Amino acid sequence: MYWPDPEIKKDPYKRWHRPDRIFFGYGACHILAGVYLNQSQYCACYGEWIVPRHGLPGHHMYVTDGQISFDFHGYTRRDALLSHHRHGWSRRYEGWSADILRIDFDLLDTAALNARNHLGPDQFWADPIPRALDFIARFDIIDCRNQKRRP
């Protein structure tokens, strides 16, 4: 796993100028998930949020249909995503564990995100929504309902 420098997270310019996978994997995963969910041509997926217990770091948001997930890695099995995330954080923090919550708020609403200690789309150095659209467009879209690739 990648461990970003905490100083970069505090600097909007430096955070913005990280490679896409790092940007969307470590600080803007909720934006990627929100943009994906707003793309109606994709699938009837929902967002999930990994919420670490005991105040430890390791939050992550992604999109899933319960079997297939989409995040900064692209598409992967949900169980593999959760296993990878759990393994990485528990190696770094002894006793790390988390709850998996179904997201019931708008992932692109600044007030809703701020209430959960996340930045809204208008709080980044530049607009992350076009960047997320470009990132999503790099992947073959999978119809989660039928698990078939679509052009």
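Arg18 lies in the loop that links helix 2 (12-16) and helix 3 (20-25). The model is predicted.

Is Arg18 buried or exposed? Its relative accessibility is 8%, so Arg18 counts as buried, the cut-off for buried being under 20%. The side chain of Arg18 also reaches two backbone oxygens, listed here.

| Side chain | Backbone oxygen reached | Distance |
|---|---|---|
| Arg18 | Arg15 | 3.3 Å |
| Arg18 | Tyr26 | 2.8 Å |

Now the sheet. Five strands make it up, and the sheet is open. The strand order is 4-3-2-1-5. Pairing is antiparallel. In general, strands of a sheet pair through backbone hydrogen bonds, in a parallel or an antiparallel way.

Which strands sit at the edges? They are strand 4 (74-77) and strand 5 (98-102). Each of these edge strands pairs on one side only. From one strand to the next, the twist averages 35°.

One pairing can be followed in detail. Strand 1 covers residues 46-52. Strand 1 and strand 5 pair in the antiparallel sense, over five bridges. Within this pairing, Val51 has Asp99 of strand 5 as its bridge partner.

A helix joins the picture. Helix 5 (residues 78-92) packs on the sheet. Which strands does helix 5 touch? Helix 5 touches strand 1, strand 2 (60-64), strand 3 (68-71), strand 4 and strand 5. The direction of helix 5 makes about 95° with that of strand 4.

How values were computed
Residues are numbered from 1 along each chain as its sequence is written. This is a predicted model: local features need pLDDT of at least 70, side-chain atom pairs count only at pLDDT 80 or more; totals for chains, interfaces and linings use all residues. Side-chain values use heavy atoms; hydrogens and water are left out. Two strands pair if DSSP finds at least two bridges between them. Helices (H or I, at least four residues) and strands (E, at least two) are DSSP runs, numbered from the N terminus. Axes are lines fitted to C-alpha atoms, for helices over the stretch in contact, and angles run from 0 to 180 degrees between N-to-C directions. Contact means heavy atoms within 4.5 Å. Buried means under 20% relative accessible area, exposed over 50%, partly exposed in between (1.4 Å probe, protein chains only). A polar contact is a pair of N or O atoms within 3.5 Å; within protein, one must be able to donate a hydrogen and the other to accept it, and residues adjacent in sequence count only if both atoms are side-chain atoms.
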